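Colleague: Got a minute to go through this one with me? I'd like to know what stands behind the labels.

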Amino acid sequence: MRPLWALVLLLAATPAWAQQVPEPEDYRMEAYRAPVPESLTGGTVVSTDGARDLAEDSSVLLIDVLPRPPKPKGLDPSILWRPQPRHNIPGSIWLPNVGYGTLSPEMARHFEESLAALSEGDRARILLFYCQANCWMSWNAAKRAIALGYSRVHWYPEGTDGWQAAGLPTEYSEPEPSPEEP
């Protein structure tokens, strides 16, 4: 059995490229909370500083795609259920459940119509998608927006976790109405 220090040394010597996540050609279909790639073909990946700069521009659409937890099945109707509150980057729109790898036709239409309404039909409007750190939901949603013809899509992979870690303010958010829960 190797001593612990040998294992630590081996892990420290592992090249950075061995830990990189390749960008898939299609949407991520499972394990949505896992390391994400460093790229998004057709989009721009931004750091916390970049997200902060974009958030300061009121013309940028900030879109959180964190799924909204559904009410537990079988919950006694006499029990009050309150989902965990969500705090977002100030000025954000919360479009829950649009970042899954596969969307029902209703959710796909909801996503497309929501983007069209929010952007006032301007496919050149800057969009910034985020969720939490290591959340494929935001990557999927950004990729889907690119496929819909939006030309200025930004993706913030650190999401609210990175935002809060930088000491930046958040605000309480309510989700936009959605045609279905997952």
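**Cores and surface**

Modeller: Sure. This is a predicted model. Its largest nonpolar core holds 28 residues, and Leu127 and Phe129 have the most contacts inside it. E2, H3, strand E5 (127-130), helix H4 (136-147) and strand E6 (153-156) each supply at least two residues, and H4 gives the most, with six.

Colleague: What does leucine 127 touch, leaving aside its neighbours within four places in sequence?

Modeller: Leucine 127 is in contact with Leu61, Ile63, Leu115, Ala145, Tyr150, Arg152, Val153 and His154. Apart from this core lies another, of 12 residues, including Val46, Tyr130, Trp163 and Leu168.

Colleague: Why is histidine 110 called buried?

Modeller: Buried means under 20% relative accessible area. Histidine 110 has 14%, so it counts as buried. Histidine 110 is in helix H3 (residues 105-118) and touches Leu95, Val98, Pro177, Ser178 and Pro179, not counting residues up to four places away in sequence.

Colleague: And how do you know that serine 78 is exposed?

Modeller: The cut-off for exposed is over 50%. Serine 78 has a relative accessible area of 65%, so the label is exposed. You'll find serine 78 in the loop between strand E2 (61-64) and strand E3 (86-88).

Colleague: What makes the pairing of the serine 78 and aspartate 76 side chains a polar contact?

Modeller: The distance limit is 3.5 Å between N or O atoms, with one able to donate a hydrogen and the other to accept it. These two side chains come to 2.6 Å, within that limit, and the pair is listed as a polar contact.

Conventions:
Residues are numbered from 1 along each chain as its sequence is written. This is a predicted model: local features need pLDDT of at least 70, side-chain atom pairs count only at pLDDT 80 or more; totals for chains, interfaces and linings use all residues. Side-chain values use heavy atoms; hydrogens and water are left out. Helices (H or I, at least four residues) and strands (E, at least two) are DSSP runs, numbered from the N terminus. Buried means under 20% relative accessible area, exposed over 50%, partly exposed in between (1.4 Å probe, protein chains only). Contact means heavy atoms within 4.5 Å. A nonpolar core is a set of buried Ala, Val, Leu, Ile, Met, Phe, Trp, Tyr and Cys residues joined through side-chain atoms within 4.5 Å.
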